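Colleague: Got a minute to go through this model with me? I'd like to start with the sheet and then look at the pockets.

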Amino acid sequence: MLRSALLNVMIKAAQKAGRTLKRDFGEVEHLQVSLKGPGNFVTAADRRAEEILCAELAAARPGYGFVGEEGGKRHGTDETHTWIVDPLDGTSNFLHGIPHFAISIGLEREGMIVAGLVYNPISDELFTAERGKGAFLNNQRLRVAARKRLGDAVVACGLPHMGRGDLELANREIAAVQPKVAGLRRFGAASLDLAWLAAGRFDAFWERQLSPWDIAGGLILVREAGGYVTDFEQGDTPWIGGDVVAGNETMHRELLRLLKTAARS
């Protein structure tokens, strides 16, 4: 496939940062057996990856703003463009030696996500999309799954953990969804959940209280693969509020119906 100059910039940055994450991930296994554990090491790996991404993206598009999980927001001279970056989505997986994590890059232009990338350096799966140009896994065009019945669906979700989120609401949502679907999955990296949804591996996905960098890269993948991504009020900018529901047209509608019922109960 022919890639645009913009996507090539994003891919180059992600692959360079991915090489350092892959190397650092190899060290995590050795650190698991130490009493101190790999926590400080993983934090440093996260920051190194973000520094690489920021430097590479700034070199290619020097005026663009930058929002990163580690470094916060940096304003650019071009106020219409902002990179939204997670250098390591799935930090807990990385920390525990689980090879399911990703670099996520989204480009916001005047309030709209116009390009996105999600890259797992361990599997070397590179998901990319640009507005109006489709979504791809490496060189393969992506489409969301066509299943129409919730009873046939495998649905991904997020779960609140220690000190974060509304556990009671999450329990009500799971109780509403679980009996209606073929399976629930919680893999711990929202950007990959969205990328896998775009690839047809999942049929739907929901999670609350995410950050913009968790959503921006994957959101356009789903939309360009023919799917729907909104917040719980069907707004088009879920990366701003942090609550996201996604699927094909039918799955999105039916999942949203179940979640709204759970929220009212």
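Colleague: In which sense do strands E5 and E6 pair, and over how many bridges?

Modeller: Bear in mind this is a predicted model. E5 (residues 112-120) and E6 (residues 125-130) run antiparallel, with six bridges between them. Within that pair, Leu-117 sits opposite Thr-128 of E6.

Colleague: And what order do the strands of the open sheet come in?

Modeller: E2-E1-E3-E4-E5-E6-E7-E8, eight strands with mixed pairing. At the edges are E2 (72-74) and E8 (140-141), each paired on one side only.

Colleague: Which strands does helix H6 touch?

Modeller: H6 (residues 212-224) packs on the sheet and touches E1, E3, E4, E5, E6 and E7. Its direction makes about 100° with that of E5.

Colleague: Switching to pockets. How much space is in the largest one?

Modeller: About 670 Å³. It is lined by 34 residues, and the closest to its centre are Leu-159, His-161, Arg-164, Arg-186 and Glu-207.

Colleague: Which element gives the most to that lining?

Modeller: H4, with four residues. By class, the lining of the largest pocket splits into 12 nonpolar, 10 polar and 12 charged.

Colleague: What about the volume of the second largest pocket?

Modeller: That one is about 150 Å³. H6 turns up again, supplying the largest share of the lining of the second largest pocket, four residues. Among the residues lining that pocket are Met-112, Ile-113, Leu-219, Arg-223 and Trp-239.

Colleague: How does its lining divide by class?

Modeller: Five nonpolar, two polar and four charged residues line the second largest pocket.

Key: Residues numbered from 1 in each chain as written. Predicted model: local features only at pLDDT ≥ 70, side-chain atom pairs only at ≥ 80, totals over all residues. Heavy atoms only, no water. Pairing = 2+ DSSP bridges. Helix = DSSP H or I, 4+ residues; strand = E, 2+ residues; numbered from the N terminus. Contact = heavy atoms within 4.5 Å. Axes fitted to C-alpha atoms, helices over the stretch in contact; angles between N-to-C directions. 1 Å grid on protein atoms, 1.4 Å probe; cavity = no way out; pocket = protein on both sides within 12 Å on 5 of 7 lines; lining within 4 Å. Points joined across faces, edges and corners; volume = space filled by probe spheres on them. Nonpolar A, V, L, I, M, F, W, Y, C, P; charged D, E, K, R; others polar.
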